[in-house]
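Here is a short set of exercises with worked solutions. Keep the sequence and the structure in view as you go.

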Number of protein chains: 2
Amino acid sequence: MSKNDIKIHDPKAQVVKDSLIKEDELDDVTTFFKTMGDNTRLNILIALNHNEFCVNDLTYILGLSQSAISHALMTLRGQKLVKTRRDGKIIYYSLDDDHVTTILDMALSHIKERR
Amino acid sequence: MSKNDIKIHDPKAQVVKDSLIKEDELDDVTTFFKTMGDNTRLNILIALNHNEFCVNDLTYILGLSQSAISHALMTLRGQKLVKTRRDGKIIYYSLDDDHVTTILDMALSHIKERR
DNA sequence: TTGACATATGCACATATATTCATATAATGA
DNA sequence: TCATTATATGAATATATGTGCATATGTCAA
């Protein structure tokens, strides 16, 4: 008996199965959540939600190595969650997406109400 | 020179550093995002957003093994994102949190607008 | 009580990923 | 040009995590 022979109990299952979002679209969403699902990156986003900062100051704020911060920022930039601005040697990072703030706030309140 | 000797450029860095959320609270939020950051779990949530379903039907909808679905559901239940209802042999799963729908929708639109 | 169906769980394995270390690139001022 | 400061990147390692397999638990019908 192969996988195709599974018998559904609720006919709605077929409808929902057919209406699932496409794999690549799903990948985009999960990748977004994965990006948010890391203490370092989330802390960076929270910090940048207050103000733009350079890599050095983010290193100080989070208390992590410059390399770790830089790697995290590259991931965030790849997801277009942060953008950069250069002023001489210094590169300033800031949030690149209004949604992030909203989603962040929602998640925070979601957690708090759950307690 | 130790980590404490990092010199900040922007005095706001100190303010933001002091206002960071507590580690355990941060863990809660990232754990929540991690839970959402998986294709199987997210697909389950999307399916349950349409209707409650039993494990068997979710297995059919996602085309995965019963074990994989069950494991995923345990994680979701641990995060209080789904709840269960038993009817005889069958256990029905449904969303346990209004926020999830909202956050899901936001993430989906976030992705779409970004293209 | 036995068999069939529905779901859960422990273990093992494979894959993904965050961090560190070392080093590279880039910009500035002397 | 050289030294210094700021940031990025590649490789290696350690840890986390999703899935399949086998099996356990639970429920009902006969």
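**Exercise 1.** Which atom of DNA strand C lies 2.8 Å from a polar side-chain atom of Gln66(B)?

*Solution.* This is a predicted model. Start at the side chain of Gln66(B). One of its polar atoms lies 2.8 Å from a base nitrogen of DNA strand C. Now check the cut-off: a polar contact is a pair of N or O atoms within 3.5 Å. Gln66(B) also belongs to the residues that come nearest to DNA strand C, along with Thr40(A), Arg41(A), Ser67(A) and Tyr93(B).

**Exercise 2.** Find what Asn56(B) and Ser70(B) each place by a phosphate oxygen of DNA strand C.

*Solution.* Take Asn56(B) to begin with. Here a polar backbone atom is 2.9 Å from a phosphate oxygen of the strand. Next, take Ser70(B). Its side chain has an N or O atom 3.0 Å from a phosphate oxygen. Then turn to the strand itself. Of its atoms within 4 Å of the protein, 67% belong to sugar or phosphate, and the rest belong to bases.

**Exercise 3.** Describe the protein surface near DNA strand C: its elements and its residue classes.

*Solution.* Go chain by chain.

- Chain A: α3 (39-50) and α5 (66-78) each supply at least two residues.
- Chain B: α4 (55-62), α5 (66-78) and β3 (90-95) each do so as well.

Which element gives the most? That is α5(B), with five residues. Now sort the 24 residues around the strand. Seven are nonpolar, eleven are polar and six are charged.

**Exercise 4.** Work out how chain A and chain B are related.

*Solution.* In general, two copies of a chain are related by a rotation about an axis and a shift along it. Look at the rotation: 180 degrees superposes chain A on chain B. Look at the shift along the axis: 0.0 Å, with an RMSD of 0.0 Å. The two copies are therefore related as by a two-fold rotation axis. Both copies use the same surface, as 100% of the contact residues of chain A recur in chain B.

**Exercise 5.** What stands out in the phi of Lys80(A), and where does this residue sit?

*Solution.* Recall the background: most residues other than glycine have a negative phi. Lys80(A) is not a glycine, yet its phi is positive, about 55 degrees. Its place is in the loop between α5 and β2 (82-87) of chain A. Is the residue buried or exposed? Lys80(A) is partly exposed, with a relative accessible area of 48%.

Repeat the steps for chain B. Lys80(B) has a positive phi of about 55 degrees. It is found in the loop between α5 and β2 (82-87) of chain B. Lys80(B) is partly exposed, at 48%.

How values were computed
Residues numbered from 1 in each chain as written. Chains lettered and ligands numbered in written order. Predicted model: local features only at pLDDT ≥ 70, side-chain atom pairs only at ≥ 80, totals over all residues. Heavy atoms only, no water. Near = heavy atom within 4 Å. Polar contact = N/O pair within 3.5 Å; in protein donor to acceptor, adjacent residues only side chain to side chain. Helix = DSSP H or I, 4+ residues; strand = E, 2+ residues; numbered from the N terminus. Nonpolar A, V, L, I, M, F, W, Y, C, P; charged D, E, K, R; others polar. Least-squares fit on C-alpha atoms with pLDDT ≥ 70 in both. Contact = heavy atoms within 4.5 Å. Buried < 20%, exposed > 50% of the residue type's maximum accessible area, 1.4 Å probe, protein only.
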